[in-house]
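Subject: Structure for you to look at

Hello,

Here is the structure I promised. Please open it and keep it in view while you read my notes below.

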Amino acid sequence: MRLLRILPPLAALAGVSSPALAQDYPLTFQHKFGTTVIEEAPERVASVDYAGLGNLLAIGVQPVLVRDWRDNYAFAAGPWAAPAMTTEPVMISGAIDPETVAATDPDVIIALWSGIDAAMYDRLSLIAPVVAVPEGVGDYALSWDKRAQITGRAIGKGDEAERQIATIEDRLEDIRTTLPEWEGKTAVVMTIQDGQFNAYTFNDVRAQFITSLGFELPEALNAMTGDEFHVLLSPEEIAPVNADVIVWYGASDGLPEALGFPARRFLDARDTGGEVFLTDDMVAAFARVTLLSIPAVLDDLVPMLEAAADGDPATVVDGDLH
């Protein structure tokens, strides 16, 4: 198997200082709910994002409040983020309770991947300036680099965010250069849901991340995609998900259903060894796509994709179950 040149993990870089660039306040942010002005560099940062913790920790900020998502990690920090945590923030789960947010006395509230509506934005704005999704962008469609960029700028650490974005982009470019055979191959990220294929579209960060490695989404999937970040397909609709590589996203809970799904036997990747089954930790890191989780995903996923994409069913994909 070809060895990739591995760049330093971002978790290790999180504590490394770099020359600071001047960032003048007040700062103005235009977003889907209007305009937010941050008068001075915030010290107490609250995040109501489902995946905001990783970006904050990566650029050296210990948040006063975070939001739980899909797992039982302490303070919503997976193993890729926990080493960077030195405090214990308040953690909210499910719906946002403004009183809980207010009790942490934040100077700014980051809400770039939160799903808040105008009413919640108004309530949170009574507590502190709220940085929300830009106009014309879906609630969960903001790319990983833009999320990190806006977060860094809002809290006075835009230069550090840009440095870490560049490091990740260098690593992605290195992967594409080292594995040019991935170009032109198709890949899809999906699960089984309610007896149907559930495929992530080009509007979703997981599908975008796969294409950033050099793969393409199936044309049939793109052709049927509107504004949705995922689509449900009947078992008879094979073409949109019949890719060279299938990344099964269901983790341990969804594995038996994927393995036993009757229509799976009609997928080409089933016969070519082109399936990858993500572990629970990989799914959690893959879902977040933050400055801290991306390096963890790449460390584990790239070797698995390399084995899956070679077209040889005899090549073992670590963690792959047939």
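A crossing of two helices is called right-handed if the near helix is turned clockwise from the far one by less than a right angle, and left-handed if anticlockwise. Keep that in mind for the helix pair. Note also that this is a predicted model.

First, the helices. The crossing of helix 5 and helix 6 is right-handed. Helix 5 covers residues 144-154, and helix 6 covers residues 158-178. Their axes lie 7 Å apart, at an angle of about 160 degrees. Angles over 145 degrees count as roughly antiparallel, so helix 5 and helix 6 are roughly antiparallel to each other.

Which residues meet? Helix 5 brings Trp144, Asp145, Ala148, Gln149, Gly152 and Arg153. Among their partners in helix 6 are Ile165, Ile168 and Leu172. The contact residues comprise six nonpolar, three polar and four charged.

Next, the sheet. It is open, with five strands in the order 10-9-8-11-12 and mixed pairing. Strand 10 (230-233) and strand 12 (275-277) are the edges, each pairing on one side only. From one strand to the next, the twist averages 30 degrees.

Look at strand 11 (residues 245-248) and strand 12. They pair in the parallel sense over three bridges. Ile246 has Glu275 in strand 12 as its bridge partner.

Helices pack here too. Helix 7 (residues 205-212) touches strand 8, strand 9 and strand 11. Its direction makes about 150 degrees with that of strand 8. Helix 9 (residues 251-260) lies across strand 8, strand 11 and strand 12. Helix 9 runs at about 155 degrees to strand 12.

Best wishes

Terms used. Residues numbered from 1 in each chain as written. Predicted model: local features only at pLDDT ≥ 70, side-chain atom pairs only at ≥ 80, totals over all residues. Heavy atoms only, no water. Axes fitted to C-alpha atoms, helices over the stretch in contact; angles between N-to-C directions. Helix = DSSP H or I, 4+ residues; strand = E, 2+ residues; numbered from the N terminus. Parallel < 35°, antiparallel > 145°, perpendicular 65-115°, else oblique. Contact = heavy atoms within 4.5 Å. Nonpolar A, V, L, I, M, F, W, Y, C, P; charged D, E, K, R; others polar. Pairing = 2+ DSSP bridges.
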